Amino acid sequence: MACIEQWFPRGSTAPEAHTMKRALHGPFTDCTAGALIQLGAQWNPDEVTITQALCGLSGLLLRTVDDPAGQICGIRVLVDVRGFSMKQVRLVTPRYITLLSKALRNCLPIRFKGIHIYNETVIFQYVWSILKLFLSEKIRGRVHFHGDNQKNLHKHLPKEILSADYGGDNTTFDGAEYCAQVMEPFYEKYLTMTNGGYL
């Protein structure tokens, strides 16, 4: 818990950290598929602001590419948007749409091999119709929508690196353990990157 808390601006509370621990999962690595980052449908903006969520996500992405395997294999992101509603939409302002589009295009030293959207709602599809206008054709072509179809998801992502929530076989991954062993030691380097640029 303390590990996640330090990724937030000062004044964050334990409930915020607990919510982020449920929402962000570290990478399951398979060099055919690349490192997989799962973003769950647990984000409650009343508990964790969008700024805090983006801080946690950027730290997780940068730690993934800090690993040579992430650099070689690239990254695939699985975003579960089940329950995405107006509560989240109201925070997706033009400022954050622009920020996200820049991050996906050329601001992060990351090779996105695929972005997989799962359990998308009609409201999320509306947000996507705006966001895609800011993305390159190359990135748009790497975004895949799966609805709630696990078989279709498995065509793109091996079951071996998916958690049981998505019909996968990876039942041993522990987010709290990953945070303590991998993310916590990376925190000082993350501060250096954010304060002085990627090194």
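How exposed is Arg90, by relative accessibility? At 49% relative accessibility, Arg90 counts as partly exposed, because the exposed class starts over 50%. This value, like the others below, comes from a predicted model.

**Confidence**

The protein chain has an average pLDDT of 76, and 78% of the residues score at least 70. Confidence is lowest in helix 2 (residues 14–23), where the mean is 37, and highest in strand 5 (residues 143–145), where it is 94. Over residues 1–25 the pLDDT is below 50. Beyond near neighbours in sequence, that stretch has 57 contacts in the model.

**Salt bridges**

Side chains of opposite charge can pair when their charged atoms come close. A search of the whole structure finds four salt bridges, and the table lists some of them.

| Pair | Closest N to O distance |
|---|---|
| Lys87 and Asp46 | 3.2 Å |
| Arg90 and Asp46 | 3.4 Å |
| Arg82 and Asp80 | 2.9 Å |

Asp46 pairs with Lys87 and also with Arg90. Asp46, Lys87 and Arg90 are thus linked in a network of salt bridges. The Lys87 pair links distant parts of the chain: Lys87 lies in helix 5 (residues 86–89), and Asp46 in the loop between strand 2 (34–39) and helix 3, 41 residues apart. The Arg90 pair also links distant parts of the chain. Arg90 sits in the loop between helix 5 and helix 6 (94–107), 44 residues from Asp46.

Within this network, Asp46 is exposed, with a relative accessible area of 53%. Lys87 is partly exposed, at 33%.

Arg82 and Asp80 form a salt bridge as well. Arg82 is partly exposed, at 46% relative accessibility. Asp80, at 3%, counts as buried, because buried means under 20%.

**Two packed helices**

Two packed helices are described by the angle between their axes and the distance between the axes. Helix 3 (residues 50–66) and helix 10 (residues 175–196) pack at an angle of about 95°, with their axes 9 Å apart. The two helices are therefore roughly perpendicular to each other, since angles of 65 to 115 degrees fall in that class.

Which residues meet where helix 3 packs with helix 10? From helix 3 come Cys55, Ser58, Gly59, Leu60, Leu62, Arg63 and Asp66. From helix 10 come Tyr178, Val182, Met183, Phe186, Lys189, Tyr190 and Met193. By class, this contact has nine nonpolar, two polar and three charged residues.

Terms used
Residues numbered from 1 in each chain as written. Predicted model: local features only at pLDDT ≥ 70, side-chain atom pairs only at ≥ 80, totals over all residues. Heavy atoms only, no water. pLDDT = per-residue confidence, 0-100. Helix = DSSP H or I, 4+ residues; strand = E, 2+ residues; numbered from the N terminus. Contact = heavy atoms within 4.5 Å. Axes fitted to C-alpha atoms, helices over the stretch in contact; angles between N-to-C directions. Parallel < 35°, antiparallel > 145°, perpendicular 65-115°, else oblique. Nonpolar A, V, L, I, M, F, W, Y, C, P; charged D, E, K, R; others polar. Salt bridge = Lys/Arg side-chain N within 4 Å of Asp/Glu carboxyl O. Buried < 20%, exposed > 50% of the residue type's maximum accessible area, 1.4 Å probe, protein only.
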